[in-house]
Every structure is written in structure tokens, then in C-alpha cells.
Amino acid sequence: MRQNEQAEAVFVIFGSTGDLAKRKLFPSIFNLYRKGNLTNKFAIIGLGRREWDNEKLRSVVKESIKEEHGEAVAEGSSEFLDHFSYLSFDVTDKDSYANLLDEMVLKEDEFSIPGNRIFYMAMAPEFFGSIAQSIYSSGLKETSGWTRLVIEKPFGTDLSTAKQLNEEIRKAFSEDEIYRIDHYLGKEMVQNIQVIRFANAMFAPLWNNRHIANIQVTSSEKLGVEGRGSYYEKSGALRDMVQNHMLQMVSLLAMDVPLRLTTDEIRSEKIKVLRALRPVVGETIKENVVRAQYSAGSVEQTDVPGYLQEDNVDPSSHTETYVAARLLIDNHDWAGVPFYIRTGKRMAVKSTKIVVEFKELPHNLYAKEAIKTGPNLLIIHIQPDEGITIVLNGKKIGSADTTPVHLEYRHDSEDRVNTPEAYERLLFDCMMGDATNFAHWDEVSLSWSLVDAISNAWTESDNQPVSYKAGSMGPKEADKLLEADGFSWWPVEQM
Ligand SMILES: NC(=O)C1=CN([C@@H]2O[C@H](COP(=O)(O)OP(=O)(O)OC[C@H]3O[C@@H](n4cnc5c(N)ncnc54)[C@H](OP(=O)(O)O)[C@@H]3O)[C@@H](O)[C@H]2O)C=CC1
Ligand SMILES: O=C1O[C@H](COP(=O)(O)O)[C@@H](O)[C@H](O)[C@H]1O
């Protein structure tokens, strides 16, 4: 994150009494304040239907600070908490917006804020369009400063609903005022993908189908649906993770070198990748996508129910909790290189990792029948550990044999103390007007097209999810996906 830059704005949180605000937004805003990335010229106006008052909101914010930083820091946060106020507010009631305008003007005056306004939609997506239009029609955008709209996921449930939502918000905000959150784009090591690729002479020339055999992107979770059964039933892993986080990582891995490190140039290269992704349609679904659902099992020695036994889940549901896919990019650099992605809930480990497997040398003197050399790998550890590993072949000490040598760089705990969390980084970028790590509409619409094609092919072929045991690394069908190409998943557990 850039140092010595400070934001001055009123920040309106629609849904400030909810889970996201408490767990992610309040701690992130506090961290920005603590690090000096907010001046005293800021105010947070929290909205929700509950009959809270300023004191109640401040006590919730204080509690979230305490959970992250402990009692002493929370006790010393009163100056920060003074910037928070609360309005009981029903987003469907037009009169509420007039009260909000009064409150904003009051706060701008109190904290000498130069009219900059951020509207953060931390609410159920069905409200996004109408809130944006009410912001516009109630004059909340008429200010001497800038206005920005931050939108949480999910951005639609398919291409058609996403288009409709986009049209609604575009009536009130221009594309460059809209910040569509994908929190993976705020993760330290996701942001590092571009640096690793574009700032290293040892990778840049090799980053193509002449030298790379395949790329594997895994995001596995130990958690189940955690009380979000009704949302997840309609979403499944395909819409919940693939449409956004997984395809964003694929586009960062496959994008061409941008002309400059500007928002427009980077986005335009990412968009080209999404345009070149081969749609998985009709019969090709069977060889390219695995759809699965967890059955009862054990995660960390604790018995857990299967998906069908979770609360608010239809006991005969066909919703997938796991997806693995082979994606192909039809362009000059990537033709013939499979990008394998997999994501699932209730798996053996929480791990997000990228493994880039390089092609073997055409003539390797050391690759003899008895002595096998392995491929070179670049592993990007995104979470829970952060860093990179490069796997090379070296000589086994005292022997003529070769052995894999791991060169590791992991962020140690000292580095990580001051590492901003994804939301903190993204909030700061939004305040600074940097939309690079937010999804442009073209990215959203292209990824929905790909996901809709998969979803339609599943429906047309009456494809049902296969089963995997909770606590495993997914179904055997996902292994076969790679075996068919002569590859296998690199383990993400011990790497
Ligand atoms: N929680 C998370 O970890 C994540 C959440 N998200 C997204 O963030 C958004 C919010 O999620 P989350 O915080 O979990 O949801 P919650 O259900 O916890 O909170 C919903 C919020 O919306 C408010 N609300 C609902 N209806 C109205 C209304 N008519 N007028 C005013 N306020 C209303 C609620 O206030 P009240 O109850 O006081 O009316 C509450 O503050 C969703 O889009 C979700 O997909 C994305 C990633 C992660
Ligand atoms: O967007 C989402 O992401 C989380 C996983 O995020 P992570 O940062 O913990 O990897 C996932 O649990 C959730 O279902 C999904 O909506």
C-alpha cells in the first residue's frame, strides 16, 4: 500500500449492523486510521433498520477493534469512534435518503470534509440497484467533491441479472465511479502475481506455452456453508468462487504484459484473457468440468455433516460445493496449456495456491531411466501462508542422483504484522480513486458468460454432482481430469 497518502471522505455503510461490517469493514477502517492513511477529515455514517443510536454503533465498532487488537487498543480508540454516527434507515423508504443527506452535510461540516462521498453496499444484492438510484434521485451525489459506489458480491446471479443490475446502477453512477469488490484482488500474494511475472527476467521470457506445461489454481476451504445455506443453495461453488475469485486469478496469470501499470491497461489485458477463454459447452462439459458435493466426513478429527444435512439446504439438492475445471485459452501464448482450477468447501485444508509447472527440457542428460528429474515449479502461496517456492533439480549430496531443491521465500511473522488485510487495501484504493483491483463491468460480464455456459451445459446434460467425503481433497474424478493430459494435482497441503 502506498505510504503517506491520506483519504478525506464521508463513508456511508448501507448494512452497518450486518456481519461484513463488523468482521471486515470496521477493523479495516480502524487499521487505516491507525496507520495514518485517514486524516481527521473523515466520517462514517452507519445505516441499518435496527433502532440503534450513535453509542450502540460505536460500541459494536469498539468490540470489533477489541477482537482484533485487544482491550487496551479498543479502550484508546475513542477519538476514532467519534467519527462514527448511526441512522436508522430503511433503504426502501425514500424519505430516509433526505435524512441521510442532512447527516452527510452535518458531518462534512463537523470534520471539514471536502464533499467526497463513498457509498458502500454491505447489504443483500437485491437492494443494490434501487439504492443506487435513490442516492441519485435524492441528490446525495450533488457535491463539490467526488462520489464512489462500492458494491459487494454477488454481482448478479447470471449474465442477465448482472446486466440488469449494471444498467440500474449505471443510471446513477458512471463506470469509473463504481468499485465492484472481489476481495481476492486485495490479497497480498494475488497482487504479487504481476510483480513476480513482470519484474523478473527469469520468469517473463518463459511465461508462455513454449515453456509452461500447465498451471494449477487451488482454493480449498475447510469450512462448510456456515449458516449461509439459503444463499449457497442458489449459488453453489461455480457462482460463489469460480465466477469471481478463480477467474480473476486465471486472468492475472495469463494476461499479457500491460503497456503501463495503469488501471485501464491492466484491465484491458485481463479482459483479453477472458475473451480468449474457450467456452465449455455441450458435450465438452464431461471432459472439462467436475461438479461435486460433500458427504458427511471428518475435518480436523471432528465429524461434520454432509451438505444435504446442512441447515436451509434442500435434502435432495444438486448444488455443487466443489468444482474442478480444465480451462483452455485460445491465444498465441497459451494455446495447448491447460489451466486447472479447483475450489471446494469442507476439504482437508484451507489453502489457496498457484502451481506453475514448467515443461521438461527436450534433452535432459540427467533424466535416465533409474533417475527421474521432476519438472521445475513456481508455487505462489496465497493463503494461509504467503510467499513463493521455486522447485529446481539439484545434485543429491554425495551421490550422482538428482533431487528436487526447494527455494523458499515466505513472508515471516514480522513482515506480516503490518500487512494490510484485503479489505483494508481495497478500501484504501477506493478512497484514493484507484480501481485497478476492482472488477470492471467487462470482466464481470465475460466471466458470467463462461459460468452460464457451464451451468447450461450441466442442465442440458442433466449432470449431477459426484460425491466427495468432507475432509478429503475432492472427488477422484478431479484427478482423472489431469491424468487424461498426463498430469496430476500438485499437493497443496505440504508445499
Ligand atoms: N459476511 C461476509 O463475510 C461477506 C459478505 N459479503 C456480501 O456483503 C453483503 C452483506 O453481507 P452480510 O453483512 O453478511 O449480511 P447481513 O445479513 O449480516 O447484513 C445485512 C445488512 O443489511 C441491512 N438491511 C437489510 N434490509 C435492509 C433494509 N430494508 N434497509 C436497511 N438496511 C437493511 C441489515 O440491517 P438491519 O438488520 O439492521 O435491518 C444488515 O445491516 C452481501 O452482499 C454479501 O453477499 C461478501 C463477502 C463476504
Ligand atoms: O467470496 C467468498 O469467499 C470465501 C473464501 O474467501 P477466503 O478469503 O477465505 O479464501 C468463501 O468462503 C465464501 O463462500 C465466498 O462467498
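Trainee: What makes the six strands S3-S2-S1-S4-S5-S6 an open sheet, and which strands stand at the edges?

Mentor: In this predicted model, the six strands follow that order with parallel pairing. Strand S3 (84-88) and strand S6 (178-180) each have a single partner strand, so one side of each lacks a neighbour in the sheet. From one strand to the next, the twist averages 20 degrees.

Trainee: How do you know that S1 and S2 pair?

Mentor: Pairing calls for at least two bridges between two strands. Strand S1 (residues 7-14) and strand S2 (residues 38-48) are joined by seven bridges and run parallel. They therefore count as paired. One of the residues involved is Phe 14, whose bridge partner in S2 is Leu 47.

Trainee: Which helix packs on the sheet, touching S2 and S3?

Mentor: Helix H2 (residues 54-69) does, and its direction makes about 125 degrees with that of S3.

Trainee: Why is Phe 14 called a member of a nonpolar core?

Mentor: Membership requires a buried residue of a listed type, Phe among them, joined through side-chain atoms within 4.5 Å. Buried means under 20% relative accessible area. Phe 14 belongs to the largest such core, of 112 residues, and with Leu 100, Phe 339, Ile 354 and Leu 378 touches the most other members. Helix H9 (residues 229-254) gives the most to this core, twelve residues.

Trainee: What does Ile 354 touch, not counting residues up to four places away in sequence?

Mentor: Its contacts include Ile 193, Ile 215, Val 217, Met 249, Leu 253 and Leu 378, and also Gln 216.

Trainee: Which residues does the second core include?

Mentor: That core is separate and has 38 residues, among them Phe 42, Tyr 179, Leu 427 and Met 431.

Technical notes:
Residues numbered from 1 in each chain as written. Chains lettered and ligands numbered in written order. Predicted model: local features only at pLDDT ≥ 70, side-chain atom pairs only at ≥ 80, totals over all residues. Heavy atoms only, no water. Buried < 20%, exposed > 50% of the residue type's maximum accessible area, 1.4 Å probe, protein only. Helix = DSSP H or I, 4+ residues; strand = E, 2+ residues; numbered from the N terminus. Contact = heavy atoms within 4.5 Å. Axes fitted to C-alpha atoms, helices over the stretch in contact; angles between N-to-C directions.
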